[in-house]
Amino acid sequence: MSRHVGLIGYPIKHSISPYFQQAALDYYQLDIRYEAWETVPAQLHDTVNDLRKPQNIGANVTVPYKETVLPLLDEVDELANLIGAVNTIVKKGDRLLGFNSDLYGFSEALDKEGHFDPEGKRVVILGAGGAAKAVGFALVQKNVNSLVIINRTFRRAQILADSLTSYSTDSSSGLETIKTKIAALPWESLDSQETFSHCHLIINCTTMGMKHSPQEGQSPLRLEVIPRGALVCDLVYNPWPTPLLELARKAGADILGGLPMLVYQGAASFKLWTGKEAPVDIMFTKAKEILTGVKR
Ligand code: NAP
């Protein structure tokens with residue numbers, strides 16, 4: 001019997017995960033199909049429950065369900081619980097276990113592709129959803145100097161800032177003595193140069209600019225506020241480059257797209273489902289081929 005793993009989200013027409021995950025499964029000649037399971041909110045419960053069927057081994061979870069999926073699972077691992085977001089589900093026996101591989105994916109991408117060491121740096125995060133949470137925890141773990149969180153819904157930015165502050169000051173978290181200064185700012189502060197004037201790293205964790213979304217073609221930042229020499233990272237990977245990254249380039253900033261994070265988080269999910277090391281090079285090649293339409 002062929003087995004199945006899939007992507008749960010809405011909308012997911014833009015997603016390239018099915019292509020590069022299938023390339024990795026085929027590399028090992030596994031009889032597993034990776035499918036796109038587009039799910040409207042009213043169906044989420046049923047889609048997750050269907051994972052218990054014998055042919056299914058797990059799933060990835062994406063926008064907008066990384067947080068709402070938690071109560072539907074039997075168990076959530078410590079890191080995913082801390083972050084409050086799940087992007088990978090693994091079926092073990094008839095139990096559904098939740099994990100978060102976004103934190104690992106972001107850290108690997110920043111290090112291996114962005115060549116950026118966050119320790120002691122000043123950082124601004126745009127967004128406060130599931131991805132922003134993983135990015136925020138990753139950066140606090142790396143002892144950044146300061147972290148400013150700006151989100152359209154200010155309350156969510158405040159809640160994330162509070163939970164990162166508790167984590168950073170909790171002696172049992174295992175963090176070193178450097179404490180990150182963490183603050184939430186309202187969405188309007190995106191328009192002010194002052195918000196970004198001393199910052200080394202800006203990460204867009206909103207859906208702005210994402211292809212096939214209502215925010216397609218939009219950048220969260222104006223060119224004038226982007227500091228020359230900073231690294232601007234956009235978690236949105238389709239289109240390439242995103243409107244934000246085009247402006248960042250013009251402003252003289254360094255840029256990092258969302259593709260490396262996508263592949264590294266996917267590689268960690270692959271290992272959770274199959275127990276095998278993911279063929280990362282094959283995944284990158286396939287992902288770039290699908291995004292650019294150019295066969296390498
Ligand atoms: P999410 O939990 O649904 O959060 C969405 C975020 O976008 C929230 O902060 C939301 O603000 C904001 N937002 C939505 N519409 C907006 C608008 N019109 N104007 C301003 N802000 C808006 O989604 P997520 O899982 O965090 O994902 C966020 C983005 O990161 C998506 O584009 C996703 O594809 C990308 N991502 C990429 C990777 C990767 O590997 N490259 C991994 C994870 C996520 P409110 O709180 O105000 O609604």
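Start at the seam: about 2,000 Å² is buried between domain 1 and domain 2, and carbon and sulfur atoms give 72% of that area. Buried area here is the accessible area (1.4 Å probe) that two parts lose on being put together, summed over both. This is a predicted model, where local features need pLDDT of at least 70, side-chain atom pairs count only at pLDDT 80 or more, and totals for chains, interfaces and linings use all residues. Residues are numbered from 1 along each chain as its sequence is written, and side-chain values use heavy atoms, with hydrogens and water left out.

Select His14, Met261 and Tyr264. In domain 1 they lose the most area to domain 2, together 33% of what that side buries.

Now colour by domain. Domain 1 is 3–100 + 260–292, and domain 2 is 103–257; such bounds come from an automatic or database domain assignment. Their centres, taken over C-alpha atoms, lie 24 Å apart. In contact (heavy atoms within 4.5 Å) are 22 residues of domain 1 and 25 of domain 2.

Next, pick Arg156 and Glu67. Their side chains form a salt bridge, 3.1 Å from N to O. The term requires a side-chain nitrogen of Lys or Arg within 4 Å of a carboxyl oxygen of Asp or Glu. Across the interface of domain 1 and domain 2, the rule finds 2 salt bridges.

Then show the helices (DSSP runs of H or I, at least four residues, numbered from the N terminus). α3 (78–83), α9 (259–274) and α10 (280–292) each supply at least two residues of the domain 1 side that touches domain 2. α9 gives the most, with 6 residues.
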